[in-house]
Amino acid sequence: MVAPFFCSFILRTLAWKQILADDGYVVSALKFVHVLAPDQSLLASSFAVVAGITYNFLPFMTLPLYSSLERIDPRLLEAGYDLYGGPFTVLRKITFPLSMPGVVAGTLLTFIPAAGDYVNATLLGRQPATQMVGNVIQARFFDLVDYPAAATLSFILMAAILALVLAYVRRAGTEELV
C-alpha cells in the first residue's frame, strides 16, 4: 500500500491513462471477452476518473484503517464468538465500532484532498462530462484569469468541506478528533 507513494501523483495518473488506453491490455481483454463493445472506450469516461481517484487515494483510507484494526484486542473478538455471535454480528457489533476512529480518519484523509482534485478528471476524463469542482476552480484561476471568482469558489469549497467534516465527526461520535 505504501509503494505507490514512491512515485509522483501525476505519474500514477498517467499510468492509468496508459492502462485504460484503447490499445492497452485491459481494454483489449475486455473487448475479447465481450464485456466492452468494439467501439467502446474506457479512457475519457467517468469510470476512468473514478478508477484514478480510487487508486490514488486508496492508501489514505487503508493505512489509518489498518492501524485502527491492529489495535483491537483479539480477546474482544474471541469473546464475541464465545457469546454465539456469528462473523457478521462480531464485525457489526465489535470490530466496526472499535475501528471507528480509523474509519473517520481514513474518510477525512481521503475526502478532503479528493474534493479538490482536478488532475484525475483532466487527464482521465472528458470535459465537461467528468468535470469536478477542482476543475472549475483551476479553469477560473489559470484559463480565465478570474482570481476573485477562483478565490470565492475555493472559499466556498473549503467552507463546505469544513461543514461536512464537522457534521460527519459529530454523527460518527468521535468529537475528540476535532
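**Entry 1: Asp-146 and Arg-140**

I looked up this pair first, in what is a predicted model. The side chains of Asp-146 and Arg-140 form a salt bridge, with 3.5 Å from N to O. I then checked how open each partner is to the outside. Asp-146 is partly exposed, at a relative accessible area of 25%. Arg-140 is partly exposed too, at 32%.

**Entry 2: Asp-73 and Arg-75**

How many salt bridges does a search of the whole structure find? I get two. Besides the pair above, I have Asp-73 and Arg-75, whose side chains meet at 2.8 Å, N to O. Is Arg-75 buried or exposed? Arg-75 is exposed, with a relative accessible area of 63%, because anything over 50% counts as exposed. Its partner Asp-73 comes out as partly exposed, at 25%. A friendly reminder to myself: side chains of opposite charge can pair when their charged atoms come close.

**Entry 3: H5 against H6**

Next I turned to two helices. I find H5, residues 87-98, packed with H6, residues 100-115. Their axes lie 4 Å apart and make an angle of about 55°. That makes H5 oblique to H6, because 55° falls outside the ranges for roughly parallel, roughly perpendicular and roughly antiparallel.

Which residues make the contact? From H5 I noted Phe-96, Pro-97 and Leu-98. From H6 I noted Met-100, Pro-101 and Val-103. I sorted the residues of this contact by character and got six nonpolar, no polar and no charged.

Technical notes: Residues numbered from 1 in each chain as written. Predicted model: local features only at pLDDT ≥ 70, side-chain atom pairs only at ≥ 80, totals over all residues. Heavy atoms only, no water. Salt bridge = Lys/Arg side-chain N within 4 Å of Asp/Glu carboxyl O. Buried < 20%, exposed > 50% of the residue type's maximum accessible area, 1.4 Å probe, protein only. Axes fitted to C-alpha atoms, helices over the stretch in contact; angles between N-to-C directions. Parallel < 35°, antiparallel > 145°, perpendicular 65-115°, else oblique. Contact = heavy atoms within 4.5 Å. Nonpolar A, V, L, I, M, F, W, Y, C, P; charged D, E, K, R; others polar.
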